[in-house]
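Let's take a friendly walk through a protein model, one feature at a time. Keep the picture open as you read.

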Amino acid sequence: MTLTTSWLTRAGATPSFADRYTAVRAATERLCVPLQTEDYVVSSMPDVSPTKWHLAHTSWFFETFVLAPFHRDYRALNPKYAFLFNSYYVQAGERHCRAQRGLVTRPTVAEVYEYRAYVDAHMQQLIADIDDDANHPASAVLALGLHHEQQHQELLVTDIKHVFWMNPMRPAYRPETRTASVPAGQGWTMIDAGVRDIGYNGDGFHFDNEAPPHREYIQPSALAHRLTTNGEYAEFIADGGYRRSEFWLSAGWATVREHTWRAPLYWESVDDTWHEFTLAGTAPVDAHAPVTHLSYFEADAYARWVGKRLPTEAEWEVLARTQPVVGRFADAELLQPHSDGTTGLQQLFGDVWQWTQSPYVAYPGFRAGAGALGEYNGKWMSDQWVLRGASCATPASHARVTYRNFFPSDARWQFTGIRLARDVAGEFA
Ligand SMILES: [Fe+2]
């Protein structure tokens with residue numbers, strides 16, 4: 001199977017809305033090909049949504065925000081779906097309890113696919129009417145719906161991984177395709193102090209939280225050439241990292257003790273050897289691959305242990321602007337971070353989302369839009385941290401240098417990892 005939709009953002013001729021819509025919707029459904037019907041229904045924790053819900057919710061998004069306001073005579077296939085498949089849009093109406101999504105056996109999986117087909121048929125009618133007119137009032141929200149569905153493609157993968165992890169059978173999503181990662185030396189790229197441009201400043205698609213573009217003052221710093229590896233993180237564990245409070249933020253230490261964490265999510269010790277659960281099943285930890293499934297607390301504690309810190313998102317963006325948006329994305333079908341032994345600055349994009357020490361707050365001048373769609377990003381700007389880059393489960397055409405992902409401090413079921421930073425005060429005096 002191929003998930004390639006990279007042409008969505010490739011320079012040159014812009015594909016039609018019809019082709020983009022068809023490609024994105026098909027990519028979601030291809031992710032479900034390895035699944036059995038029973039796999040679609042389960043939620044293994046409140047953060048995890050059933051596959052069936054992702055398939056339906058992304059359809060509800062198009063139905064609610066594109067078809068209802070812009071299709072000539074759209075009628076909902078089932079008015080009750082709005083209650084079941086609204087995620088968090090308060091202004092769009094009452095909705096089902098998020099933590100109970102895994103208790104919903106009806107509509108069936110087959111009925112959800114019928115719902116998708118119904119929405120698709122009406123969307124293609126509307127897209128024909130839009131006729132690729134960028135100024136049509138539906139065009140902007142149609143583009144948003146496509147990028148929204150790509151976000152859910154990544155969530156679908158990380159959620160089914162957690163569902164399978166919680167199953168004592170530890171099923172594999174797909175056969176193993178990895179080869180052992182190759183070690184790569186670590187190095188540092190210096191970032192000069194100065195006022196730098198941050199945020200999206202163009203005429204392409206971007207989420208509202210990536211703007212307005214603005215300037216920030218950057219202190220002299222250095223960022224690591226590559227991501228922190230499993231082997232390096234294992235040294236932190238072996239040195240008592242999870243038993244020594246001095247490395248942890250207070251809330252992090254409380255979380256470690258409450259949940260008895262002693263390693264990244266999906267790690268388990270088998271015959272005194274660390275193994276990790278991947279979408280291909282359980283295997284010994286790949287020592288030279290980027291460590292992943294870490295919370296902010298763990299990433300921060302590791303950085304302290306090694307005498308460094310996490311980068312700010314502005315530092316990260318200044319560095320990433322020097323690099324092409326290339327990497328191991330979902331399109332590579334590895335669905336696990338990897339190292340091919342490349343040296344030098346690398347892995348800004350793909351493999352794992354990189355925790356920053358920047359709180360997820362509004363850029364100067366940001367105002368959330370009016371109405372339910374204004375709830376998309378703006379209302380989450382508290383108690384979360386920014387992650388940059390993209391992961392091995394992110395569609396390639398979804399990655400962007402200004403992209404701001406965000407999760408709470410204790411979240412670790414996403415492909416999240418570490419790029420270290422350090423202060424270099426005085427070196428540039
Ligand atoms: Fe959503």
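## A starting point: helices and one serine

Helices here are DSSP runs of at least four residues, and they are numbered from the N terminus. With that in mind, we can place a residue: serine 59 lies in helix H2. Please remember that what you see is a predicted model.

Is serine 59 buried or exposed? A residue counts as buried when its relative accessible area is under 20%. Serine 59 has a relative accessible area of 0%, so it is buried. Which residues does serine 59 touch, once its neighbours within four places in sequence are set aside? The contacts are Arg25, Tyr115, Arg116 and Val119.

## The iron site

Helix H2 also brings us to the metal. The iron ion is held by three histidines, with the NE2 atoms of His57, His148 and His152 coordinating it at 2.2 Å. Along the chain, these donors follow the spacing H-x90-H-x3-H. Histidine 57 sits in helix H2 (residues 51–70) and histidine 148 in helix H5 (residues 139–165), so this pair links distant parts of the chain, 91 residues apart. Histidine 57 and histidine 148 are both buried.

## A three-stranded sheet

Now look for strands S5, S6 and S7. These three strands form an open sheet in the order S5-S6-S7, with antiparallel pairing. Strand S5 (267–270) and S7 are the edges; each has a single partner strand, so one side of each has no neighbour in the sheet. From one strand to the next, the twist averages 35°.

Zoom in on S6 (residues 273–278) and S7 (residues 281–284), which pair in the antiparallel sense over four bridges. A hairpin of two residues joins S6 to S7. Histidine 275 has proline 284 in S7 as its bridge partner, and threonine 278 stands opposite glycine 281 in S7. Helix H5, the home of histidine 148, lies across S5 and S6 and runs at about 125° to S6.

## A four-stranded sheet

Another open sheet has four strands in the order S12-S11-S10-S13, and its pairing is mixed. Which strands stand at the edges? They are strand S12 (405–407) and strand S13 (416–417), each pairing on one side only.

Within this sheet, strand S10 (residues 353–359) and strand S11 (residues 385–389) run antiparallel and are joined by four bridges. One partnership to find on screen is that of glutamine 354 with arginine 388 in S11. Helix H9 (residues 313–320) lies across S10 and S11, running at about 10° to S11.

## Aromatic rings in pairs

How many aromatic pairs does a search of the whole structure find? The search finds 39. One of them joins tyrosine 74 and tyrosine 118: their ring centres are 5.7 Å apart and their planes stand at 55°, so the pair is tilted. Tyrosine 74 lies in the loop between H2 and helix H3 (81–85), while tyrosine 118 lies in helix H4 (residues 109–130), so the pair ties together parts that are 44 residues apart in sequence. Tyrosine 74 is buried, with a relative accessible area of 14%, whereas tyrosine 118, at 23%, counts as partly exposed.

Phenylalanine 236 and tryptophan 248 make another tilted pair, 6.3 Å from centre to centre with 40° between the planes. Phenylalanine 236 is in helix H6 (residues 230–238), and tryptophan 248 is in the loop between H6 and helix H7 (250–259), twelve residues apart. Phenylalanine 236 is buried at 0% relative accessible area, and tryptophan 248 also counts as buried, at 8%.

## A ring cluster and two charges

Ring pairs can also join up into a cluster. One such cluster links Trp60, Phe61, Phe65, Tyr88, Tyr89, Phe205, Phe207, Trp353, Tyr376, Trp380 and Tyr403.

Finally, look for arginines placed over rings. The charged end of arginine 101 sits over the ring of tryptophan 53, 3.7 Å from the ring's centre. Arginine 422 lies over the face of tryptophan 188, at 5.0 Å from the ring centre.

Definitions and conventions:
Residues numbered from 1 in each chain as written. Predicted model: local features only at pLDDT ≥ 70, side-chain atom pairs only at ≥ 80, totals over all residues. Heavy atoms only, no water. Donors = N, O, S within 2.8 Å, 3.2 Å for Na, K, Ca; no water. Buried < 20%, exposed > 50% of the residue type's maximum accessible area, 1.4 Å probe, protein only. Pairing = 2+ DSSP bridges. Contact = heavy atoms within 4.5 Å. Axes fitted to C-alpha atoms, helices over the stretch in contact; angles between N-to-C directions. Phe/Tyr/Trp six-rings, centres within 6.5 Å; stacked < 30°, edge-to-face > 60°. Lys NZ or Arg CZ within 6 Å of the ring centre and 35° of its normal.
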